[in-house]
Amino acid sequence: MKSTVQVDNLEVTLRGRLAQREYQGRLRHLDAPIPGVVDFSSNDYLSFSQNLILRKALITQLGVSSEKTPLASSNGRALGSGGSRLLDGNSAFVEQLERKISEFHRSEAALLFTSAYDANVGLISCVPGAEDVILYDNLIHASIHDGMRLSRATRKISFAHESIIRRVRESEVDLKKNGGSMGVKDPKGLESTLKQLIHSDERVRYGESNIFICLEALYSMDGDIADLQYVCDMIEYLLPNGNGYIIVDEAHSVGVLGDGRGLVCQLGLQDRIWARVVGFGKAIGCAGGWFINVQLLWFFLLTTIFLTLGGILCSSIARLYLINYARTLIYTTSMSFPSLASISAVYDYLISGEAEKHQQQLQILIQHCHVKLRSLYVRFKSGAAGLSVPDCASSSPIIPIFTRYPKSLARHCQTSGFMVRPIVAPTVPHGQERVRICIHAANTIEQIDSLCQSIETWLRYLGTMQAADTRGKSQIGDAAEAVLATGLREKLEPKL
Ligand SMILES: Cc1ncc(COP(=O)(O)O)c(C=O)c1O
(Lines give C-alpha, C1' and ligand atoms only; values in the text may rest on other atoms or scores of the structure.)
Protein backbone atom coordinates (compact mmCIF):
# COMPACT_ATOMS: atom_id res chain seq x y z
CA MET A 1 0.00 0.00 0.00
CA LYS A 2 1.23 3.50 -0.81
CA SER A 3 2.09 5.84 2.05
CA THR A 4 0.12 9.06 2.55
CA VAL A 5 3.17 11.06 1.51
CA GLN A 6 3.33 9.26 -1.85
CA VAL A 7 -0.39 9.77 -2.45
CA ASP A 8 -0.08 13.43 -1.51
CA ASN A 9 2.83 13.84 -3.87
CA LEU A 10 0.78 12.41 -6.70
CA GLU A 11 -2.16 14.67 -5.81
CA VAL A 12 0.20 17.65 -5.85
CA THR A 13 1.50 16.64 -9.28
CA LEU A 14 -1.99 16.20 -10.68
CA ARG A 15 -3.16 19.48 -9.20
CA GLY A 16 -0.16 21.22 -10.71
CA ARG A 17 -0.91 19.86 -14.18
CA LEU A 18 -4.56 20.82 -13.88
CA ALA A 19 -3.64 24.31 -12.67
CA GLN A 20 -1.40 24.73 -15.69
CA ARG A 21 -4.25 23.70 -17.98
CA GLU A 22 -6.55 26.12 -16.25
CA TYR A 23 -3.99 28.91 -16.60
CA GLN A 24 -3.83 28.15 -20.33
CA GLY A 25 -7.64 28.30 -20.50
CA ARG A 26 -7.80 24.63 -21.53
CA LEU A 27 -9.30 22.99 -18.45
CA ARG A 28 -12.08 20.61 -19.42
CA HIS A 29 -15.26 20.06 -17.40
CA LEU A 30 -18.23 17.79 -17.70
CA ASP A 31 -21.27 20.01 -18.14
CA ALA A 32 -24.77 18.71 -17.52
CA PRO A 33 -27.01 19.55 -20.50
CA ILE A 34 -28.99 22.77 -19.96
CA PRO A 35 -32.68 21.76 -20.00
CA GLY A 36 -34.85 23.28 -22.70
CA VAL A 37 -32.12 24.66 -24.94
CA VAL A 38 -32.34 24.10 -28.68
CA ASP A 39 -29.75 21.61 -29.89
CA PHE A 40 -27.29 23.12 -32.35
CA SER A 41 -24.42 21.12 -30.96
CA SER A 42 -24.88 17.34 -30.93
CA ASN A 43 -23.83 15.00 -33.73
CA ASP A 44 -27.36 13.61 -33.95
CA TYR A 45 -27.67 15.17 -37.42
CA LEU A 46 -30.78 13.27 -38.51
CA SER A 47 -32.34 13.58 -35.03
CA PHE A 48 -32.68 9.79 -35.02
CA SER A 49 -31.95 9.42 -31.32
CA GLN A 50 -35.31 11.13 -30.65
CA ASN A 51 -37.25 9.61 -33.54
CA LEU A 52 -40.50 7.96 -32.36
CA ILE A 53 -40.73 5.53 -35.28
CA LEU A 54 -37.24 4.30 -34.50
CA ARG A 55 -38.07 3.95 -30.82
CA LYS A 56 -41.01 1.74 -31.73
CA ALA A 57 -38.89 -0.27 -34.16
CA LEU A 58 -36.33 -0.80 -31.44
CA ILE A 59 -38.97 -1.99 -28.98
CA THR A 60 -40.10 -4.51 -31.59
CA GLN A 61 -36.51 -5.65 -32.11
CA LEU A 62 -36.08 -6.08 -28.38
CA GLY A 63 -39.28 -8.13 -28.30
CA VAL A 64 -40.27 -6.76 -24.92
CA SER A 65 -44.00 -7.12 -25.40
CA SER A 66 -43.75 -10.86 -25.56
CA GLU A 67 -42.67 -13.36 -22.94
CA LYS A 68 -40.97 -15.36 -25.66
CA THR A 69 -38.47 -12.80 -26.79
CA PRO A 70 -36.93 -13.28 -30.23
CA LEU A 71 -33.51 -13.55 -28.73
CA ALA A 72 -32.43 -16.91 -30.05
CA SER A 73 -30.17 -15.15 -32.53
CA SER A 74 -28.44 -13.34 -29.67
CA ASN A 75 -27.85 -16.52 -27.66
CA GLY A 76 -30.82 -15.65 -25.41
CA ARG A 77 -28.95 -12.67 -23.99
CA ALA A 78 -31.16 -9.58 -23.67
CA LEU A 79 -28.51 -7.41 -22.06
CA GLY A 80 -24.74 -7.96 -22.10
CA SER A 81 -23.12 -10.10 -24.78
CA GLY A 82 -21.31 -12.38 -22.36
CA GLY A 83 -17.74 -11.75 -23.44
CA SER A 84 -15.31 -10.86 -26.18
CA ARG A 85 -16.42 -11.45 -29.73
CA LEU A 86 -13.80 -14.21 -29.93
CA LEU A 87 -15.13 -16.05 -26.88
CA ASP A 88 -18.82 -15.97 -25.96
CA GLY A 89 -19.75 -12.53 -27.30
CA ASN A 90 -20.42 -13.50 -30.90
CA SER A 91 -23.95 -14.24 -32.13
CA ALA A 92 -25.95 -14.88 -35.28
CA PHE A 93 -27.58 -11.48 -34.68
CA VAL A 94 -24.32 -9.53 -34.87
CA GLU A 95 -23.19 -11.46 -37.94
CA GLN A 96 -26.51 -10.81 -39.70
CA LEU A 97 -26.23 -7.14 -38.77
CA GLU A 98 -22.72 -6.96 -40.24
CA ARG A 99 -24.02 -8.45 -43.48
CA LYS A 100 -26.87 -5.93 -43.56
CA ILE A 101 -24.47 -3.04 -42.96
CA SER A 102 -21.88 -4.17 -45.51
CA GLU A 103 -24.58 -4.65 -48.17
CA PHE A 104 -26.04 -1.20 -47.51
CA HIS A 105 -22.62 0.44 -47.81
CA ARG A 106 -21.70 -1.70 -50.85
CA SER A 107 -18.75 -3.27 -49.09
CA GLU A 108 -17.54 -6.85 -49.27
CA ALA A 109 -17.50 -7.21 -45.48
CA ALA A 110 -18.02 -5.34 -42.22
CA LEU A 111 -16.74 -5.80 -38.69
CA LEU A 112 -18.36 -4.13 -35.69
CA PHE A 113 -16.37 -2.57 -32.85
CA THR A 114 -17.64 -1.04 -29.63
CA SER A 115 -16.96 2.45 -30.99
CA ALA A 116 -15.52 4.20 -34.03
CA TYR A 117 -12.69 5.20 -31.69
CA ASP A 118 -11.90 1.52 -31.08
CA ALA A 119 -12.32 0.73 -34.78
CA ASN A 120 -9.72 3.36 -35.75
CA VAL A 121 -7.29 2.39 -33.01
CA GLY A 122 -7.65 -1.32 -33.77
CA LEU A 123 -7.22 -0.87 -37.51
CA ILE A 124 -4.29 1.56 -37.52
CA SER A 125 -2.42 -0.17 -34.72
CA CYS A 126 -2.37 -3.60 -36.32
CA VAL A 127 -2.33 -3.27 -40.12
CA PRO A 128 0.70 -1.12 -41.12
CA GLY A 129 3.99 -2.98 -40.71
CA ALA A 130 7.39 -1.61 -39.66
CA GLU A 131 8.43 -0.84 -43.27
CA ASP A 132 5.15 0.84 -44.16
CA VAL A 133 4.34 4.54 -44.10
CA ILE A 134 1.26 6.26 -42.73
CA LEU A 135 0.33 9.59 -44.33
CA TYR A 136 -2.30 11.36 -42.29
CA ASP A 137 -4.26 14.58 -42.54
CA ASN A 138 -3.00 17.06 -39.96
CA LEU A 139 -6.60 17.51 -38.76
CA ILE A 140 -7.30 13.80 -38.41
CA HIS A 141 -9.22 12.56 -35.38
CA ALA A 142 -7.43 11.67 -32.13
CA SER A 143 -8.29 7.98 -32.54
CA ILE A 144 -6.02 7.73 -35.60
CA HIS A 145 -3.22 9.38 -33.61
CA ASP A 146 -3.73 6.87 -30.81
CA GLY A 147 -3.69 4.00 -33.33
CA MET A 148 -0.45 5.37 -34.80
CA ARG A 149 1.16 5.47 -31.35
CA LEU A 150 0.56 1.74 -31.07
CA SER A 151 1.52 0.97 -34.65
CA ARG A 152 4.76 -0.74 -35.67
CA ALA A 153 5.14 1.68 -38.58
CA THR A 154 8.07 3.99 -37.88
CA ARG A 155 7.21 6.58 -40.50
CA LYS A 156 4.08 8.61 -39.83
CA ILE A 157 3.95 11.78 -41.86
CA SER A 158 1.26 14.44 -41.71
CA PHE A 159 0.04 16.40 -44.72
CA ALA A 160 -1.82 19.71 -44.88
CA HIS A 161 -5.56 19.29 -44.57
CA GLU A 162 -6.28 22.03 -47.13
CA SER A 163 -4.51 20.05 -49.84
CA ILE A 164 -7.38 17.55 -50.06
CA ILE A 165 -10.21 20.08 -49.88
CA ARG A 166 -11.48 20.94 -53.33
CA ARG A 167 -12.27 24.62 -52.77
CA VAL A 168 -8.69 25.49 -51.80
CA ARG A 169 -6.95 23.51 -54.50
CA GLU A 170 -6.24 25.03 -57.86
CA SER A 171 -8.76 24.27 -60.57
CA GLU A 172 -8.77 20.68 -61.63
CA VAL A 173 -6.26 19.64 -64.26
CA ASP A 174 -6.03 16.35 -66.11
CA LEU A 175 -3.48 14.27 -64.17
CA LYS A 176 -1.95 12.63 -67.23
CA LYS A 177 -1.60 15.85 -69.19
CA ASN A 178 -0.05 17.55 -66.23
CA GLY A 179 2.69 15.07 -65.38
CA GLY A 180 0.88 13.57 -62.43
CA SER A 181 0.09 16.88 -60.80
CA MET A 182 -3.32 18.31 -60.07
CA GLY A 183 -1.81 21.78 -59.96
CA VAL A 184 -1.35 21.72 -56.19
CA LYS A 185 1.35 24.04 -54.94
CA ASP A 186 1.27 23.30 -51.21
CA PRO A 187 4.67 21.76 -50.34
CA LYS A 188 3.15 20.20 -47.23
CA GLY A 189 0.13 18.87 -49.09
CA LEU A 190 -0.60 15.19 -49.69
CA GLU A 191 0.56 15.21 -53.29
CA SER A 192 3.90 16.92 -52.57
CA THR A 193 4.51 14.79 -49.48
CA LEU A 194 3.90 11.61 -51.44
CA LYS A 195 6.11 12.73 -54.32
CA GLN A 196 8.97 13.45 -51.89
CA LEU A 197 8.51 10.03 -50.36
CA ILE A 198 8.53 8.30 -53.73
CA HIS A 199 11.62 10.24 -54.71
CA SER A 200 13.55 9.44 -51.54
CA ASP A 201 12.55 5.81 -50.96
CA GLU A 202 12.86 3.16 -53.62
CA ARG A 203 10.89 0.60 -51.62
CA VAL A 204 7.95 2.96 -51.87
CA ARG A 205 8.70 3.62 -55.53
CA TYR A 206 8.80 -0.06 -56.44
CA GLY A 207 5.73 -1.00 -54.43
CA GLU A 208 7.56 -2.88 -51.65
CA SER A 209 6.42 -0.61 -48.80
CA ASN A 210 2.75 0.06 -48.31
CA ILE A 211 1.51 3.61 -47.97
CA PHE A 212 -1.61 4.11 -45.85
CA ILE A 213 -3.38 7.41 -46.43
CA CYS A 214 -5.70 8.35 -43.55
CA LEU A 215 -8.36 11.00 -43.96
CA GLU A 216 -11.92 11.81 -43.01
CA ALA A 217 -14.84 12.16 -45.39
CA LEU A 218 -16.62 14.97 -43.54
CA TYR A 219 -14.44 16.78 -41.03
CA SER A 220 -15.95 17.07 -37.59
CA MET A 221 -14.60 20.51 -36.69
CA ASP A 222 -14.37 22.29 -40.04
CA GLY A 223 -17.39 20.68 -41.67
CA ASP A 224 -15.54 20.48 -44.97
CA ILE A 225 -15.59 17.50 -47.27
CA ALA A 226 -12.54 15.67 -48.63
CA ASP A 227 -12.05 15.56 -52.38
CA LEU A 228 -11.89 11.79 -52.49
CA GLN A 229 -12.04 11.58 -56.26
CA TYR A 230 -8.83 13.63 -56.49
CA VAL A 231 -7.17 11.59 -53.72
CA CYS A 232 -7.99 8.28 -55.44
CA ASP A 233 -6.85 9.51 -58.88
CA MET A 234 -3.64 10.97 -57.51
CA ILE A 235 -2.70 7.97 -55.35
CA GLU A 236 -3.32 5.52 -58.18
CA TYR A 237 -1.34 7.68 -60.60
CA LEU A 238 1.65 8.21 -58.30
CA LEU A 239 1.68 4.67 -56.92
CA PRO A 240 0.97 2.57 -60.02
CA ASN A 241 2.20 -0.59 -58.29
CA GLY A 242 -0.93 -0.50 -56.17
CA ASN A 243 0.79 0.02 -52.80
CA GLY A 244 -1.36 3.04 -51.83
CA TYR A 245 -4.17 2.14 -49.40
CA ILE A 246 -6.72 4.81 -48.58
CA ILE A 247 -8.54 4.66 -45.24
CA VAL A 248 -11.55 6.96 -44.93
CA ASP A 249 -13.15 7.77 -41.59
CA GLU A 250 -16.84 8.24 -42.37
CA ALA A 251 -17.89 8.81 -38.74
CA HIS A 252 -19.67 12.08 -39.60
CA SER A 253 -20.77 11.36 -43.16
CA VAL A 254 -22.75 8.13 -42.87
CA GLY A 255 -26.43 8.84 -42.60
CA VAL A 256 -25.97 12.32 -44.07
CA LEU A 257 -24.22 11.91 -47.44
CA GLY A 258 -24.91 9.50 -50.30
CA ASP A 259 -28.46 8.56 -49.20
CA GLY A 260 -26.97 7.64 -45.86
CA ARG A 261 -24.29 5.39 -47.37
CA GLY A 262 -21.56 7.99 -46.90
CA LEU A 263 -19.27 9.98 -49.16
CA VAL A 264 -17.39 7.01 -50.63
CA CYS A 265 -20.62 5.51 -51.98
CA GLN A 266 -21.91 8.90 -53.06
CA LEU A 267 -18.88 9.20 -55.33
CA GLY A 268 -18.94 5.51 -56.34
CA LEU A 269 -15.43 4.97 -54.96
CA GLN A 270 -16.12 1.93 -52.81
CA ASP A 271 -13.83 -0.30 -54.86
CA ARG A 272 -10.92 2.16 -54.69
CA ILE A 273 -10.91 2.78 -50.93
CA TRP A 274 -9.18 0.11 -48.87
CA ALA A 275 -11.15 0.58 -45.65
CA ARG A 276 -13.91 2.80 -44.32
CA VAL A 277 -14.61 3.43 -40.66
CA VAL A 278 -18.26 4.17 -39.93
CA GLY A 279 -19.61 5.45 -36.64
CA PHE A 280 -23.09 4.79 -35.35
CA GLY A 281 -22.97 7.44 -32.66
CA LYS A 282 -23.46 10.45 -34.92
CA ALA A 283 -26.17 10.60 -37.62
CA ILE A 284 -27.12 6.98 -37.00
CA GLY A 285 -28.21 8.21 -33.58
CA CYS A 286 -27.33 5.19 -31.48
CA ALA A 287 -25.06 6.76 -28.90
CA GLY A 288 -27.39 6.28 -26.00
CA GLY A 289 -30.51 8.28 -25.51
CA TRP A 290 -32.22 10.61 -23.19
CA PHE A 291 -35.70 9.24 -23.26
CA ILE A 292 -37.86 10.79 -20.60
CA ASN A 293 -41.23 9.42 -21.65
CA VAL A 294 -42.60 7.77 -18.51
CA GLN A 295 -44.18 4.83 -20.38
CA LEU A 296 -40.72 4.12 -21.72
CA LEU A 297 -38.90 4.30 -18.43
CA TRP A 298 -37.60 0.74 -18.71
CA PHE A 299 -36.37 1.73 -22.11
CA PHE A 300 -34.53 4.70 -20.67
CA LEU A 301 -32.78 2.33 -18.28
CA LEU A 302 -31.77 0.11 -21.14
CA THR A 303 -30.52 2.94 -23.28
CA THR A 304 -28.25 4.16 -20.55
CA ILE A 305 -26.13 1.10 -21.19
CA PHE A 306 -25.86 1.77 -24.90
CA LEU A 307 -22.43 2.14 -26.35
CA THR A 308 -21.28 4.24 -29.24
CA LEU A 309 -20.63 1.56 -31.79
CA GLY A 310 -18.45 1.72 -34.81
CA GLY A 311 -17.53 -0.54 -37.66
CA ILE A 312 -15.02 -1.12 -40.41
CA LEU A 313 -16.08 -1.74 -44.01
CA CYS A 314 -13.38 -3.68 -45.80
CA SER A 315 -12.56 -6.88 -47.70
CA SER A 316 -13.21 -10.32 -46.20
CA ILE A 317 -9.48 -10.94 -45.78
CA ALA A 318 -8.97 -7.61 -43.98
CA ARG A 319 -11.91 -8.55 -41.73
CA LEU A 320 -10.32 -11.88 -40.83
CA TYR A 321 -6.99 -10.14 -40.20
CA LEU A 322 -8.66 -7.69 -37.81
CA ILE A 323 -10.41 -10.52 -35.98
CA ASN A 324 -6.95 -11.99 -35.40
CA TYR A 325 -4.93 -8.87 -34.64
CA ALA A 326 -7.10 -5.88 -33.66
CA ARG A 327 -6.65 -5.69 -29.90
CA THR A 328 -9.56 -3.30 -29.44
CA LEU A 329 -11.80 -6.07 -30.78
CA ILE A 330 -10.15 -9.05 -29.13
CA TYR A 331 -9.64 -7.79 -25.59
CA THR A 332 -12.99 -6.21 -24.86
CA THR A 333 -16.54 -7.39 -24.21
CA SER A 334 -18.54 -7.18 -27.40
CA MET A 335 -21.65 -5.06 -27.88
CA SER A 336 -24.82 -5.67 -25.86
CA PHE A 337 -27.97 -6.80 -27.61
CA PRO A 338 -29.84 -3.48 -27.12
CA SER A 339 -26.93 -1.66 -28.79
CA LEU A 340 -27.02 -4.00 -31.77
CA ALA A 341 -30.81 -3.89 -31.96
CA SER A 342 -30.79 -0.08 -32.09
CA ILE A 343 -28.34 -0.08 -34.99
CA SER A 344 -30.33 -2.76 -36.74
CA ALA A 345 -33.52 -0.69 -36.41
CA VAL A 346 -31.82 2.38 -37.90
CA TYR A 347 -30.37 0.42 -40.82
CA ASP A 348 -33.81 -1.04 -41.57
CA TYR A 349 -35.11 2.52 -41.65
CA LEU A 350 -32.31 3.64 -43.99
CA ILE A 351 -32.77 0.63 -46.27
CA SER A 352 -36.54 1.21 -46.48
CA GLY A 353 -35.92 4.71 -47.87
CA GLU A 354 -37.89 6.24 -44.97
CA ALA A 355 -34.86 8.23 -43.85
CA GLU A 356 -34.83 10.19 -47.12
CA LYS A 357 -37.29 12.79 -45.87
CA HIS A 358 -35.07 13.52 -42.86
CA GLN A 359 -32.00 13.78 -45.11
CA GLN A 360 -33.83 16.20 -47.45
CA GLN A 361 -35.13 18.31 -44.57
CA LEU A 362 -31.60 18.45 -43.15
CA GLN A 363 -30.26 19.77 -46.47
CA ILE A 364 -32.94 22.49 -46.64
CA LEU A 365 -32.00 23.64 -43.13
CA ILE A 366 -28.26 23.54 -43.88
CA GLN A 367 -28.69 25.75 -46.94
CA HIS A 368 -30.92 28.17 -45.01
CA CYS A 369 -28.45 28.44 -42.14
CA HIS A 370 -25.60 28.97 -44.53
CA VAL A 371 -27.35 31.87 -46.28
CA LYS A 372 -28.18 33.52 -42.94
CA LEU A 373 -24.64 33.17 -41.62
CA ARG A 374 -23.09 34.46 -44.84
CA SER A 375 -25.30 37.51 -44.62
CA LEU A 376 -24.03 38.11 -41.06
CA TYR A 377 -20.48 37.66 -42.30
CA VAL A 378 -20.93 40.23 -45.09
CA ARG A 379 -22.25 42.79 -42.59
CA PHE A 380 -19.84 42.15 -39.72
CA LYS A 381 -16.64 40.81 -41.30
CA SER A 382 -14.63 43.91 -40.48
CA GLY A 383 -15.90 44.10 -36.89
CA ALA A 384 -14.21 43.31 -33.60
CA ALA A 385 -15.25 39.65 -33.57
CA GLY A 386 -12.87 38.67 -36.38
CA LEU A 387 -15.86 36.86 -37.87
CA SER A 388 -15.51 34.36 -40.68
CA VAL A 389 -17.80 31.60 -41.99
CA PRO A 390 -17.15 29.16 -44.86
CA ASP A 391 -17.76 30.79 -48.21
CA CYS A 392 -19.33 27.94 -50.12
CA ALA A 393 -22.54 26.22 -49.24
CA SER A 394 -21.98 22.50 -48.88
CA SER A 395 -24.09 19.58 -47.74
CA SER A 396 -22.28 19.48 -44.41
CA PRO A 397 -24.41 19.83 -41.27
CA ILE A 398 -21.36 21.19 -39.43
CA ILE A 399 -20.78 24.91 -39.88
CA PRO A 400 -17.91 26.60 -38.04
CA ILE A 401 -18.17 30.28 -37.11
CA PHE A 402 -14.61 31.52 -36.71
CA THR A 403 -14.17 34.32 -34.20
CA ARG A 404 -11.55 35.66 -31.80
CA TYR A 405 -14.00 35.19 -28.94
CA PRO A 406 -15.61 31.77 -29.29
CA LYS A 407 -16.25 31.33 -25.58
CA SER A 408 -18.06 34.63 -25.33
CA LEU A 409 -20.18 33.93 -28.41
CA ALA A 410 -21.03 30.39 -27.28
CA ARG A 411 -22.00 31.58 -23.83
CA HIS A 412 -24.19 34.30 -25.29
CA CYS A 413 -25.99 31.79 -27.53
CA GLN A 414 -26.40 29.37 -24.64
CA THR A 415 -27.94 31.98 -22.38
CA SER A 416 -30.24 32.86 -25.29
CA GLY A 417 -31.46 29.25 -25.37
CA PHE A 418 -29.25 27.64 -28.06
CA MET A 419 -26.73 24.93 -27.34
CA VAL A 420 -23.60 25.61 -29.36
CA ARG A 421 -20.05 24.96 -28.26
CA PRO A 422 -16.80 26.87 -28.47
CA ILE A 423 -13.95 24.85 -29.98
CA VAL A 424 -10.54 26.08 -28.93
CA ALA A 425 -6.91 24.93 -29.06
CA PRO A 426 -5.64 22.22 -28.78
CA THR A 427 -8.76 20.62 -30.32
CA VAL A 428 -8.21 23.00 -33.26
CA PRO A 429 -5.00 24.89 -34.14
CA HIS A 430 -4.30 28.22 -32.42
CA GLY A 431 -5.84 31.08 -34.37
CA GLN A 432 -8.60 28.84 -35.71
CA GLU A 433 -10.88 28.97 -32.69
CA ARG A 434 -14.54 28.80 -33.57
CA VAL A 435 -18.08 28.10 -32.46
CA ARG A 436 -19.28 24.86 -34.01
CA ILE A 437 -22.87 24.83 -35.20
CA CYS A 438 -24.51 21.53 -36.04
CA ILE A 439 -27.79 21.44 -37.87
CA HIS A 440 -30.28 18.63 -37.26
CA ALA A 441 -33.24 17.42 -39.24
CA ALA A 442 -35.54 18.24 -36.30
CA ASN A 443 -34.38 21.86 -36.07
CA THR A 444 -36.71 24.41 -37.65
CA ILE A 445 -36.24 27.43 -39.90
CA GLU A 446 -37.51 29.58 -37.01
CA GLN A 447 -34.89 28.14 -34.64
CA ILE A 448 -32.13 28.87 -37.15
CA ASP A 449 -33.42 32.42 -37.63
CA SER A 450 -33.50 32.94 -33.86
CA LEU A 451 -29.98 31.54 -33.47
CA CYS A 452 -28.69 33.90 -36.16
CA GLN A 453 -30.55 36.77 -34.52
CA SER A 454 -28.80 35.93 -31.27
CA ILE A 455 -25.41 35.88 -33.01
CA GLU A 456 -26.23 39.25 -34.57
CA THR A 457 -27.09 40.68 -31.16
CA TRP A 458 -23.70 39.54 -29.86
CA LEU A 459 -21.92 41.01 -32.87
CA ARG A 460 -23.67 44.36 -32.43
CA TYR A 461 -22.88 44.34 -28.75
CA LEU A 462 -19.23 43.66 -29.49
CA GLY A 463 -19.28 46.54 -31.97
CA THR A 464 -20.64 48.81 -29.26
CA MET A 465 -17.94 47.65 -26.89
CA GLN A 466 -15.31 48.26 -29.55
CA ALA A 467 -16.49 51.81 -30.06
CA ALA A 468 -16.53 52.49 -26.32
CA ASP A 469 -13.43 50.58 -25.34
CA THR A 470 -10.29 52.62 -25.19
CA ARG A 471 -8.20 49.80 -23.76
CA GLY A 472 -7.56 48.06 -27.04
CA LYS A 473 -9.05 45.20 -29.01
CA SER A 474 -7.56 42.39 -26.98
CA GLN A 475 -9.80 43.14 -24.04
CA ILE A 476 -13.07 43.42 -25.87
CA GLY A 477 -13.88 39.73 -25.68
CA ASP A 478 -12.92 39.54 -22.00
CA ALA A 479 -15.13 42.47 -21.21
CA ALA A 480 -17.98 40.96 -23.22
CA GLU A 481 -17.50 37.67 -21.44
CA ALA A 482 -17.53 39.32 -18.02
CA VAL A 483 -20.67 41.26 -18.80
CA LEU A 484 -22.44 38.20 -20.13
CA ALA A 485 -21.31 36.12 -17.16
CA THR A 486 -22.73 38.56 -14.63
CA GLY A 487 -26.09 38.37 -16.32
CA LEU A 488 -26.15 41.95 -17.58
CA ARG A 489 -26.83 40.87 -21.13
CA GLU A 490 -30.55 41.53 -20.84
CA LYS A 491 -29.90 45.02 -19.52
CA LEU A 492 -27.56 45.80 -22.36
CA GLU A 493 -29.68 44.41 -25.14
CA PRO A 494 -32.26 47.22 -25.27
CA LYS A 495 -29.42 49.67 -25.84
CA LEU A 496 -28.20 47.87 -28.95
C1 LIG B 1 -13.80 11.70 -37.17
C2 LIG B 1 -14.13 10.84 -35.99
N3 LIG B 1 -13.72 9.56 -36.00
C4 LIG B 1 -13.99 8.75 -34.96
C5 LIG B 1 -14.66 9.20 -33.85
C6 LIG B 1 -14.94 8.26 -32.72
O7 LIG B 1 -16.30 7.96 -32.76
P8 LIG B 1 -17.04 7.20 -31.57
O9 LIG B 1 -17.74 8.26 -30.80
O10 LIG B 1 -17.98 6.26 -32.25
O11 LIG B 1 -16.01 6.50 -30.79
C12 LIG B 1 -15.09 10.53 -33.79
C13 LIG B 1 -15.79 11.02 -32.59
O14 LIG B 1 -15.96 12.12 -32.29
C15 LIG B 1 -14.81 11.38 -34.89
O16 LIG B 1 -15.18 12.65 -34.88
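Start by selecting E433: setting aside residues up to four places off in sequence, E433 is in contact with F402, T403, P406, I423, V424, A425 and V428. Keep in mind as you go that this is a predicted model.

**Stop 1: around E433**

Show the backbone here, and you will find E433 in the loop that runs between β11 (421-423) and β12 (434-438). Now look for a charged partner. E433 is buried but has no salt bridge. The nearest side chain of opposite charge belongs to R434, and that one is 7.4 Å away. What does lie close by is a backbone atom: the nitrogen of G431 is 2.9 Å from a polar atom of the E433 side chain.

**Stop 2: P390**

Next, select P390, in the loop between α14 (356-380) and β9 (398-402). Is P390 buried or exposed? Its relative accessible area is 19%, and because buried means under 20%, P390 counts as buried. Display the surroundings and you will see that P390 touches H370, R374, I399 and P400, leaving out residues up to four places away in sequence. Then add D224 to the selection. Although 166 residues separate P390 and D224 in sequence, their C-alpha atoms are 8.8 Å apart in space.

**Stop 3: the nonpolar cores**

In soluble globular proteins, nonpolar side chains tend to be buried together. To see this model's largest nonpolar core, select L194, L215, L373, I439 and I455, the residues with the most contacts inside that core of 97 residues. Color by domain and you will find that at least three residues of this core come from each of domain 1 (36-49 + 357-486) and domain 2 (71-352).

Zoom in on I439 next. Beyond its neighbours within four places in sequence, I439 is in contact with F40, Y45, L362, L365, I366, C369, P397, I399 and I448. You have met I399 already, as one of the residues that P390 touches.

There is also a second, separate core, made of 25 residues. To find it, select F113, M148, F212 and A318, which are among its members.

**Stop 4: salt bridges**

How many salt bridges does a search of the whole structure find? The count is 16, and three of them make good stops.

- Select R85 and E98. They form a salt bridge whose closest N and O atoms are 2.8 Å apart. R85 sits in the loop between α2 (52-62) and α3 (92-104), while E98 is in helix α3, so this pair ties together parts that are 13 residues apart in sequence. Both R85 and E98 are buried.
- Move on to R149 and D146, whose side chains meet in a salt bridge at 3.0 Å, N to O. Both are in helix α5 (residues 142-150), where their spacing of 3 residues amounts to about one helical turn. R149 counts as exposed, with 66% relative accessibility.
- Finish the trio with K195 and E191, a salt bridge with its closest N and O atoms 3.2 Å apart. This pair lies in helix α6 (residues 190-200), with 4 residues, or about one turn, between the partners. The two ends are in unlike surroundings: K195 is partly exposed at 32% relative accessibility, whereas E191 is buried at 2%.

For a last selection, return to R85 and E98 and add R319. Salt bridges with shared partners join R85, E98 and R319 into one network.

Methods
Residues are numbered from 1 along each chain as its sequence is written. This is a predicted model: local features need pLDDT of at least 70, side-chain atom pairs count only at pLDDT 80 or more; totals for chains, interfaces and linings use all residues. Side-chain values use heavy atoms; hydrogens and water are left out. Helices (H or I, at least four residues) and strands (E, at least two) are DSSP runs, numbered from the N terminus. Buried means under 20% relative accessible area, exposed over 50%, partly exposed in between (1.4 Å probe, protein chains only). Lys and Arg count as positive and Asp and Glu as negative; His and the chain ends are not counted. A salt bridge is a side-chain nitrogen of Lys or Arg within 4 Å of a carboxyl oxygen of Asp or Glu. A polar contact is a pair of N or O atoms within 3.5 Å; within protein, one must be able to donate a hydrogen and the other to accept it, and residues adjacent in sequence count only if both atoms are side-chain atoms. Contact means heavy atoms within 4.5 Å. A nonpolar core is a set of buried Ala, Val, Leu, Ile, Met, Phe, Trp, Tyr and Cys residues joined through side-chain atoms within 4.5 Å. Domain bounds come from an automatic or database domain assignment.
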